[in-house]
Amino acid sequence: MKKIGNWKKPLIIVLIVVIALGVLLLKAPLYAQVRSYAVMWAYTKYENSKSLMDKQQVSVQIPGGSSTEAKDWYPFVMVFNDNEGFSQYTGRDLSLSMIYNFGAFSWNYGSSTLYKDDSPYYASFYGGYLIKDNSGQSKYGFSADGKLNISEITAVTEYDYKKLVLDSLGCPVEQQKMDVLSSEVKSRVAYAGYEGWEQIDAIILVNSPAHKYEGSRRAYIQYGNPLKKTSLEDFPLIASRTRIYVRYFEEFDSTVLLYIFTPFAETLEQCDQNILSKTVIAKSE
């Protein structure tokens with residue numbers, strides 16, 4: 001009995017230590033990061049199987065943050081489909097698949113640098129959209145004569161940012177804003193291995209995603225929790241730089257948009273050169 005007792009005592013101590021470490025881990029910054037990676041990896045696998053890319057047999061490979069040495073962006077891009085929501089928003093029968101990424105997690109705070117106004121990845125996203133007009137009567141983003149339709153390009157970016165980002169973070173609808181302050185269009189641009197892109201560079205007045213933490217939201221699973229204490233007002237207005245490349249692919253019967261969205265000119269150019277321009281678009285096997 002003495003031997004058994006001596007064996008049980010250290011085991012109990014080990015169990016207490018493991019439980020204590022588990023409790024600490026649940027509250028530690030690392031927990032939010034690991035949870036985000038696990039959930040978003042699995043969710044992206046599921047969404048990709050239902051995506052327009054899968055249906056149209058097109059591969060759109062946009063590099064993630066793990067493709068660079070710097071701790072800049074989230075390690076992999078994510079996929080989300082919203083055919084019904086976008087169709088209701090535009091009043092048309094459309095298919096929409098989104099590929100997106102945002103600032104990497106901060107080790108100190110256990111949340112994305114998306115929230116941190118002292119980070120070069122504050123309020124920053126990049127990614128792409130695939131859009132198909134299911135009526136077969138038009139090419140999304142282009143008029144009947146083949147000219148760029150700016151209002152349709154604006155519609156998809158506005159829907160994504162207002163309805164899918166700001167709404168999910170709790171920004172009141174009446175506070176949401178997305179106003180184009182200036183824009184420039186370049187035609188016949190070579191990009192991502194193809195000729196014939198339309199390039200749009202714009203400055204947009206928009207809400208930042210930064211806000212004080214007030215309760216649990218589903219969006220916090222992927223972004224982490226915002227700071228509980230911050231000098232910023234909730235969802236402050238910022239001037240964001242946006243670069244969008246647009247091209248209709250006859251072989252995929254879909255319009256592809258590649259974009260960068262950030263307040264910082266240097267971040268935009270680095271992302272364009274080191275990540276987005278390395279996108280590979282091809283017929284999937």
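## Close-up views of a predicted model

**View 1. Arg188 and its place in strand S7.** Arg188 is exposed, with a relative accessible area of 72%, in a model that is predicted. The residue belongs to strand S7, and its phi is positive, at about 55 degrees, although Arg188 is not a glycine. As background to this backbone angle, most residues other than glycine have a negative phi.

**View 2. The hairpin of strands S7 and S8.** Strand S7, which covers residues 178–191, pairs with S8 in the antiparallel sense, and ten bridges are found between the two. Among the residues that face each other here, Ser182 has Ile203 of S8 as its bridge partner, while Glu184 stands opposite Asp201 in S8. The hairpin of S7 and S8 has two residues between its strands, and in this hairpin Ala192 takes a positive phi near 50 degrees.

**View 3. The pairing of strands S8 and S9.** S8 is also joined to S9, again by an antiparallel arrangement, with ten bridges between the two strands. One point at which the pairing can be followed is Leu205, whose bridge partner in S9 is Ala239.

**View 4. A tilted aromatic pair, Tyr74 and Phe105.** A search of the whole structure gives 23 aromatic pairs, and the pair shown here is formed by Tyr74 and Phe105. The centres of the two rings are 6.2 Å apart and their planes meet at 55 degrees, so the pair is described as tilted. Because Tyr74 lies in the loop between strand S1 (58–61) and strand S2 (78–81), and Phe105 in strand S4 (residues 105–106), the pair ties together parts that are 31 residues apart in sequence. Both partners can be placed with respect to the surface: Tyr74 is buried, with a relative accessible area of 0%, and Phe105 also counts as buried, at 2% relative accessibility.

**View 5. An edge-to-face pair, Tyr194 and Phe249, with Arg247 beside it.** The ring centres of Tyr194 and Phe249 are 4.9 Å apart and the ring planes lie at 80 degrees, so this pair is edge-to-face. Tyr194 is part of strand S8 (residues 194–207) and Phe249 is part of strand S9 (residues 237–249), so the contact ties together parts that are 55 residues apart in sequence. At 21% relative accessibility Tyr194 counts as partly exposed, whereas Phe249, with a relative accessible area of 0%, is buried. A charged side chain is also found here, since Arg247 lies over the face of Phe249, at 4.5 Å from the ring centre.

**View 6. The aromatic cluster that holds Tyr74, Phe105 and Tyr223.** One aromatic cluster is formed by Tyr37, Tyr74, Phe76, Phe102, Phe105, Phe125, Tyr161, Tyr223 and Phe261. Of these cluster members, Tyr223 is found in helix H6, which spans residues 220–223, and at 3% relative accessibility Tyr223 counts as buried. Although Tyr223 and Ser112 are 111 residues apart in sequence, their C-alpha atoms are 5.3 Å apart in space.

**View 7. The largest pocket.** The largest pocket holds about 860 Å³ of space and is lined by 33 residues, of which Met98, Asp160, Leu164, Val165 and Tyr223 lie nearest its centre. Tyr223, which takes part in the aromatic cluster of the previous view, is thus seen here again as a lining residue. Helix H5 (residues 150–169) gives the most to the lining, with ten residues. When the lining of the largest pocket is sorted by class, 24 residues are nonpolar, six are polar and three are charged.

**View 8. Ala123, a buried loop residue with a positive phi.** Ala123 is found in the loop between strand S5 (111–112) and strand S6 (125–133). The phi of Ala123 is near 50 degrees, which is a positive value in a residue other than glycine. With a relative accessible area of 0%, Ala123 is buried.

**View 9. Asp93 and Gly136.** Asp93 lies in the loop between helix H4 (83–90) and strand S3 (94–102). At 48% relative accessibility Asp93 counts as partly exposed, since the exposed class begins over 50%. Asp93 and Gly136 are 43 residues apart along the chain, and a distance of 9.7 Å separates their C-alpha atoms.

Methods:
Residues are numbered from 1 along each chain as its sequence is written. This is a predicted model: local features need pLDDT of at least 70, side-chain atom pairs count only at pLDDT 80 or more; totals for chains, interfaces and linings use all residues. Side-chain values use heavy atoms; hydrogens and water are left out. On a 1 Å grid over the protein atoms alone, a cavity is a set of points where a 1.4 Å probe fits but cannot get out, and a pocket is an open set with protein on both sides within 12 Å along at least five of seven lines; lining residues have an atom within 4 Å of a point. Grid points are joined across faces, edges and corners, and a volume is the space filled by probe spheres set on the points. Helices (H or I, at least four residues) and strands (E, at least two) are DSSP runs, numbered from the N terminus. Ala, Val, Leu, Ile, Met, Phe, Trp, Tyr, Cys and Pro count as nonpolar, Asp, Glu, Lys and Arg as charged, and the others, Gly among them, as polar. Rings of Phe, Tyr and Trp (its six-membered ring) pair if their centres lie within 6.5 Å; planes under 30 degrees apart count as stacked, over 60 as edge-to-face and the rest as tilted. Buried means under 20% relative accessible area, exposed over 50%, partly exposed in between (1.4 Å probe, protein chains only). A charge sits over a ring if NZ of Lys or CZ of Arg is within 6 Å of the ring centre and within 35 degrees of the ring normal. Two strands pair if DSSP finds at least two bridges between them.
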